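Biologist: Please take one part of this model and go through it closely, then work outward from there. I am new to this, and I would like each term explained with its cut-offs when it comes up.

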Amino acid sequence: MEYLIAVDLEGVHGVVGEPYQGLGRVSCPEEYQKAVAAATKEVNAAVAALFDSGATKVCVWDNHGGGGNLDFSLIDSRAQQVKPDNSRPRMEFLSEHDFKGLVYIGYHCKDGTINGVLAHTFSSVNMQYYKINGQAKGELDFDTCIAGSYGVPAIFAASDDLCVQQMQECNPDTVTVITKYAKGRNKADFRDSDEVVRDIYEGVKRAVKANIQPITMQFPCQIEIRYTRMEMSAWILESRKAALDSLQYGDDAHILTATLKDIDDLRVCI
Ligand SMILES: [Zn+2]
């Protein structure tokens, strides 16, 4: 039984970042270091719960800012690191594994979420929203559907209460744990960190036992993406048109739209 833990940093306990900054190693060093330390504890709790539930292999995908955040000498040595080639389609490495479930640590709300801690979708600087058939979607939704296309269910997520709510809207069966209560982009009420870690351990164990099904996206569907700057949308249109010929401008030059016929079309856009 193999499992994947996907790790971002914004949703872990004890962290809210700083105004006008992402959670960058250089741009926001104190909060970044806190986030890495909290993520390490949360990941180790999830790894322990998976092995205590009969896992034979646990892989950890450190994906904040393209990876390279966690010090793997501090991660449970039974876990393996997966380091995907970021120039390849998102989560393509799932085809090389036989994962029975996906566990999210540290994921965050989609861009535009009112009071969502460090809410963004892929980039706070470049993107304002992604919509599928008119509904805003975030990284959790996309990764859940991509994993679903490989038959892998998202079994567990730990994040702030608003992100947890978005996970439940995506898949109501996914087991969730609240790490903090979101009060603003850079504001939250924190839970006790030891309690969060204990809840993650117990929650992941429950998630392995639960019969959670993969979620897939229905195709064809319409995607609409709003970029902060017009240079960005123009560049994306020019560079990706060959891979997705329905890609075109929307209502204005910040917006691109396309008809997606399968998950690979989605991956051209994210
Ligand atoms: Zn991140």
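Modeller: I will start with a pair of helices, then move through the loops and a strand, and end at the metal site. The model is a predicted one, in which local features need pLDDT of at least 70 and side-chain atom pairs count only at pLDDT 80 or more, while totals for chains, interfaces and linings use all residues. Residues are numbered from 1 along each chain as its sequence is written, and side-chain values use heavy atoms, with hydrogens and water left out.

The part to look at closely is where helix H1 (residues 29-52) meets helix H4 (residues 193-209). Helices (H or I, at least four residues) and strands (E, at least two) are DSSP runs, numbered from the N terminus. The axes of H1 and H4 come within 8 Å of each other, and they cross at roughly 35 degrees. An axis here is a line fitted to C-alpha atoms, for helices over the stretch in contact, and angles run from 0 to 180 degrees between N-to-C directions. H1 and H4 make a right-handed crossing. That word applies if the near helix is turned clockwise from the far one by less than a right angle; anticlockwise is left-handed.

From H1, the residues that meet H4 include Lys-41, Glu-42, Ala-45, Ala-46 and Leu-50. On the H4 side, the partners include Val-196, Val-197, Ile-200, Tyr-201, Val-204 and Lys-205. Contact means heavy atoms within 4.5 Å. Sorted by type, the residues of this contact are 11 nonpolar, no polar and 4 charged. Ala, Val, Leu, Ile, Met, Phe, Trp, Tyr, Cys and Pro count as nonpolar, Asp, Glu, Lys and Arg as charged, and the others, Gly among them, as polar.

H1 also holds Ala-37. Ala-37 is partly exposed, because the relative accessible area is 44%. Under 20% counts as buried, over 50% as exposed, and anything in between as partly exposed (1.4 Å probe, protein chains only). Ala-37 and Leu-70 are 33 residues apart along the chain, and their C-alpha atoms are separated by 8.3 Å.

Next comes Val-175, in strand E8 (residues 175-178). Val-175 counts as buried because its relative accessibility is 12%. Leaving out residues up to four places away in sequence, Val-175 touches Ile-155, Phe-156, Ala-157, Gly-203, Arg-206, Ala-207 and Ile-212. Gly-203 is 28 residues away along the chain, with 6.5 Å between the C-alpha atoms.

After H4, the loop leading to strand E11 (221-227) contains Pro-220. Phe-219 lies in that loop too. The peptide bond from Phe-219 to Pro-220 is cis, with omega near 0 degrees. Most residues other than glycine have a negative phi, and most peptide bonds are trans. Phe-219 has 28% relative accessibility and therefore counts as partly exposed. Beyond four places in sequence, Phe-219 touches Leu-260, Lys-261, Asp-262 and Ile-263.

Two other loop residues have a positive phi of about 65 degrees although neither is a glycine: Tyr-20 and Met-91. Tyr-20 sits in the loop between strand E1 (2-7) and H1, and counts as exposed because its relative accessibility is 84%. Met-91 sits in the loop between strand E3 (80-81) and strand E4 (99-105), and counts as buried because its relative accessibility is 2%.

The metal site comes last. Asp-8 (OD), Glu-10 (OE), Glu-10 (OE) and His-64 (ND1) coordinate the zinc ion, at 2.0 to 2.5 Å. Donors are N, O and S atoms within 2.8 Å of the metal (3.2 Å for Na, K and Ca); water is not among the atoms, so sites may look incomplete. Along the chain, the donors follow the spacing D-x1-E-x53-H. The angles among the 4 donor atoms run from 54 to 134 degrees, and the site is irregular. Four donors count as tetrahedral if all angles lie between 85 and 135 degrees; four count as square planar and six as octahedral if opposite donors are over 155 degrees apart and all others between 65 and 115; anything else is irregular. Asp-8 and Glu-10 are both buried.
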